[in-house]
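Please open the model in your viewer and keep the selection tool at hand, since this tour moves from one selection to the next.

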Amino acid sequence: MKAYMTDKNNLWLCTFKIVILCLALSIFPQIPGQADTSIIFIPPRGGAPKDTRGTASRGDSNCGENSTDRVQRLMALAPNGSHNGFTLSERPTLFVYVPPTSARQALFAVKDEAGKLHYQSILPLTGNEGAIGLTLPPTAPPLEINKRYQWGFAILCSGQLKPDSPFVSIWIQRTQQNPNLTSQLQRSSEIERAALYASNGVWYDMLKTLAELKQQHPQDKSLAATWERLLESVGLSEISSKPLVSN
């Protein structure tokens, strides 16, 4: 009888530990960035906007702000090369690296292929360096499918746009989302969606998804490493470790 009671107590204790472990796992779920999901950007074949590498004037200028940092120029967060610049969103989020600057305003503009202004806004700057997201607001006209646009960002050193203002510009094109990708995205986690965008060559949506995850989990080293590897893989190693900042 004594042995029976001991075995029964041990069984009860084992069951109790399993219940506690299950509760702990439910309370502390896995952080999305820790998922074993590889994000590799695969440029789409053909049809990409041409001249998609950013162009800049006074690329090393930062409005007189002295700094020893080796990165002293505006940079669009887009791959170097001819096959990039795609989005599925009618109002996408675009990213640009802004160096340390004494300026407190910047110009964000989008034009169509004919040069007609699509959207324009003056944005505040904090002066701190980092990558900032530029989202077309609901009041902006949606991007049309299969139509090319050129977006640009200029630092207003003296509060106004001048011929020598530091600027960067790059092309973007909205493409049609295929039903198969739509189905996959609907049943995927955030990190898996970023990987799907990447494997389908949808740069801007991939970067937005990953940036949001990175901002939601700032202590996640796995997400930080994924972000850095991604930027390094497309020729942006010099800004891969720079922070994401709010403008």
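Begin with the largest pocket of this predicted model, which has a volume of about 270 Å³. Seventeen residues line the largest pocket, and if you select Ala109, Lys111, Gly152, Phe167 and Ser169, you have the ones closest to its centre. Next, colour strand 5 (105–112), strand 8 (148–155) and strand 9 (167–174), because these are the elements that give two or more residues each to the lining. If you then colour the lining by residue class, you will find 11 nonpolar residues, four polar ones and two charged ones.

Stay with strand 5 and add strand 6 to the selection: the two strands pair in the antiparallel sense, over seven bridges. To look at one place along this pairing, select Ala106, which stands opposite Leu123 in strand 6. Then follow the chain through the turn, where four residues lie between strand 5 and strand 6 in a hairpin, and where Gly115 has a positive phi of about 90°.

Now colour the whole protein by pLDDT, for which the mean is 81, with 73% of the residues reaching 70 or more. Which element has the lowest mean pLDDT, and which the highest? Helix 1 (residues 2–27) has the lowest, at 44, whereas strand 6 (residues 117–124), which you have just selected, has the highest, at 97.

Finally, select residues 11–35, where pLDDT stays under 50 and for which the model has 12 contacts beyond four places in sequence. Compare them with residues 47–60, where the pLDDT is also below 50, and where the model has 46 contacts beyond near neighbours in sequence.

Technical notes: Residues are numbered from 1 along each chain as its sequence is written. This is a predicted model: local features need pLDDT of at least 70, side-chain atom pairs count only at pLDDT 80 or more; totals for chains, interfaces and linings use all residues. Side-chain values use heavy atoms; hydrogens and water are left out. pLDDT is the predictor's confidence in each residue, from 0 to 100. Contact means heavy atoms within 4.5 Å. On a 1 Å grid over the protein atoms alone, a cavity is a set of points where a 1.4 Å probe fits but cannot get out, and a pocket is an open set with protein on both sides within 12 Å along at least five of seven lines; lining residues have an atom within 4 Å of a point. Grid points are joined across faces, edges and corners, and a volume is the space filled by probe spheres set on the points. Ala, Val, Leu, Ile, Met, Phe, Trp, Tyr, Cys and Pro count as nonpolar, Asp, Glu, Lys and Arg as charged, and the others, Gly among them, as polar. Two strands pair if DSSP finds at least two bridges between them.
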